[in-house]
Amino acid sequence: MSIRFLIWALLLLTPLPLAAQAPADTAATRLARAEADVRAVDRALDLRLDDDRRDALRERIIAARVAATAATADLAEQLALVDARLAGLGPAGAAEADDLRLQRQRLARQHTALDSGVKRGRLLGVEAQQLADELDQGVAERFNQTITARSPSPIAPGFWIAVVQSLPRDVRRAEGYVGSGLTAIAREGANATPWPALLGLLAALAIAGPGRSAALRFGRRFLIEDAPGHRVRRSAAALWRVLVGTLAPFLAVVLLTAGLRWAGLLPAGWDAITDALTVATTYACFASAVIAALLMRGQPSWRVAPIADDVAAELRPYGWLLAAIAFVSYMLEALNTAIGTSAAAQGATHVAEIILHLALLAGALLALGRLRANRAEEDEAAPARTGLGAVALLAWLLALATLLALLLGFLGFALFVMQLIGWSVVLASATYLLMAAADDMAVTLFTRDSTLGRAISRGLGLRGAVIDQFGVLLSGVSRLTLGLFALGLFFVPFGAGGGIATLVARLGLLAQGVQVGGIAVSPGAIVRGVAVLFIGLALVRAFRRWLEEKYLPATDLDGSARNSVGLVARYVGIALAVIWSLASLGIGVERIALLLSALSVGIGFGLQAITSNFVSGLILLAERPIKIGDWIRVGTDEGDVKRISVRSTEIALADHSTLIVPNSELITKSVLNKTLAGPLGRIQIQFAVPLEVDADRVSAIVAEAFAAEPAVLDDPKSAVFIDSIADGRIFFNCFAHVASPRAAYGARSAILTVLLRRFRDEDIDIGTVPQRMELVGRPPDPIPG
């Protein structure tokens, strides 16, 4: 990646001051529009509201708050620019020029208007939040009323007596609803043609049948031939199955209803039922497709979840039953609402839905229990899965609580629990598939052995481990995001979440960020800061490569000095990149200085050693008493200096181990540097010969041994000295020099080998001085006879 490209990317990512100079009326207009929405919602709350109207108002007020927050942020940026220009003008003087005075007055008026707009926007955001809380409180109250409402028990005769008594009127209402629709069809369809309805039916059948099968075969063939890696193929096949299994029925129902409507066979009074049919069909097919993709009963090799074949085969029918019950429940609720059936009839349908859900849940739990018992009999040593057992126990407790609530007449609570369990199964299955797909995509694409990973490694010069770590981090962030989104969707179908639009609006409000210490922290700002940091580090890496490969080799500096310059440039560049990244987040230098002053307290108490090593590292890099390549001794250890960083120094010992020494030890304690003054190494050999041996001959033998060794240098010249004469022996002290201290040990060993051989040939004794021990004392007393 070229430096020019990095600079252009950085300029695009860095917030430009020109963006803050947008016209003030744009933000003011958006703020006025948001204020109008807030006032409209406030007036609407004075009236009686139904559920649909309340949901629409909630979405409107959240959207207004998002708009007000964004407009306030824009006005605050413009206000900061105006304040900066006023500060640049300085204090007003008595003899100020006319143009400066006019400019100051204009900026003062802009400051007043912008400051008023910012305050108004913040107040508007508070009002919008209060109205949203009021709407949420109303929804919560209605939800609590629904689940706590009590009706006669279904086992009491009064419950069914009321159903029978209201049955004639409910039948007449149903007949009237159907009759009015048929009358409208007869009236509007007298001159209509049935061809659109027939075409819509044929298209629906083609999409739901052959079209769906063809799409599944096409996706499987594509994944087998072109998808990278088995894991990606497996998760992509599951998602494709869900997508096709959901979209195909949805399109079929839409085409069928469109054909009926164009043929005049669908009256306007049945629109609510038609919409409910579309929603119920789509959700039921989505639930069935999700469970089928999770189980993969017919294709175990493509299964994402670690589910056994017998478990998948046993549970698959319950997925169909769950989808069918969800479809029937939704359509019954829609029919009751459209026809206007009595409360007794609605209670009876609720009882039927609860019983169906209970039967389905009990059947699935019994099937799982039977499978677990069979598995335990086959493999007694297999450990029990406590997690699955806890989930099964919780499901049984919920089923018993639902049955008890049904018998006591709490139909709303019982139906809510059963529907919540069904929705939890569908939502958990879909979330698991999405998480598995996100994990498979991240760890497959961003790995050192993948095509993308090799391209990133070559283009940015990153190590393979960094790419692998990025893939794992991306997988974790993606799965966490999916988990939070699923958690937000948990209560949406039951009216407690306000619908998808409200959830999206709340996410948009979160994207605006939160204020922390006067700094707006938002996902976009964090992404921008990370991107700027990444590009800054890439620029530092490119500059350091140019410095080490181009510039420093053209200088007269040795390798150690080049290393010092490279390290200093690296750490200075990293510091500048971090400051640049913080500046992109809106954190100024004064805040960074405040942070550093706060950290200085911690440095004074708990980071003294780290600070001392850091400062010592800088001293080593600057004064260079120890350089890379020096042969030093620290305590009893000696070796080559291989690396000097700002915290520690690495020394390679003779046994191929590495000694890591804190830099403060090298500054505050004594260190023997054998190559500081020069790179030469010295050989010293000491021995003694008897006094009667010719000393000149011994000196000549030693000189010849020095001269015969290739490692011994001619300059400085080797020397042979008689150190002393004592105890009947002549003591010699001999010196020679080699090119490096690293060569001294081997050269000394070779010279000693030659000397031993020559002295043996010359019959020269270099042994130790003979010792004689005498015992002096009184002789022992004679032994008495």
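Which strands pair in the antiparallel sense over 5 bridges? In this predicted model, the two partners are strand β5, covering residues 648-653, and strand β6, covering residues 658-662. Together β5 and β6 make a hairpin, with 4 residues lying between the strands. In the turn, H656 adopts a positive phi of about 70°. A good place to look at the register of this pairing is E650, whose bridge partner in β6 is I660.

It helps to place this hairpin in the setting of the whole chain. The chain holds 22 helices and 10 strands, and 35% of its 785 residues are buried. Its accessible surface comes to about 45,500 Å², with carbon and sulfur atoms contributing 65% of that area. Contacts can also be viewed by sequence separation: among those between residues at least 6 apart in sequence, 73% join residues at least 24 apart.

Further along the chain, an open sheet of 3 strands is found in the order β8-β10-β9, paired in the antiparallel sense. Its edges are formed by β8 (681-690) and β9 (719-726), each of which pairs on one side only. On average, and with direction ignored, neighbouring strands of this sheet are turned by 20° against each other. Helix α21, spanning residues 695-708, packs on the sheet and touches β8, β9 and β10. The direction of α21 makes about 20° with that of β10.

The pairing of β8 with β10 can be followed in more detail. Strand β10 spans residues 729-738, and 10 bridges join β10 to β8 in an antiparallel arrangement. Within this pair of strands, V689 stands opposite I730 of β10. A second helix, α22 (residues 744-761), lies across β8 and β10 and runs at about 25° to β8. Both β8 and β10 are thus met again here, having already appeared among the strands touched by α21.

Turning to the surface, a nonpolar patch of about 630 Å² is made by W195, L198, L199, L201, L202 and L205. One of these residues, L205, lies in helix α6, which covers residues 195-226. Is L205 buried or exposed? L205 counts as exposed because its relative accessibility is 54%, and the cut-off for that class is over 50%. This leucine therefore joins an exposed position to membership of the nonpolar patch.

Methods:
Residues are numbered from 1 along each chain as its sequence is written. This is a predicted model: local features need pLDDT of at least 70, side-chain atom pairs count only at pLDDT 80 or more; totals for chains, interfaces and linings use all residues. Side-chain values use heavy atoms; hydrogens and water are left out. Patches are made of residues with over 30% relative accessible area and no salt bridge: like charges are joined within 9 Å, nonpolar side chains (Val, Leu, Ile, Met, Phe, Trp, Tyr) within 5 Å. Accessible areas come from the Shrake-Rupley method with a 1.4 Å probe; for residues, only the protein chains shown count as cover. A salt bridge is a side-chain nitrogen of Lys or Arg within 4 Å of a carboxyl oxygen of Asp or Glu. Helices (H or I, at least four residues) and strands (E, at least two) are DSSP runs, numbered from the N terminus. Buried means under 20% relative accessible area, exposed over 50%, partly exposed in between (1.4 Å probe, protein chains only). Two strands pair if DSSP finds at least two bridges between them. Axes are lines fitted to C-alpha atoms, for helices over the stretch in contact, and angles run from 0 to 180 degrees between N-to-C directions. Contact means heavy atoms within 4.5 Å.
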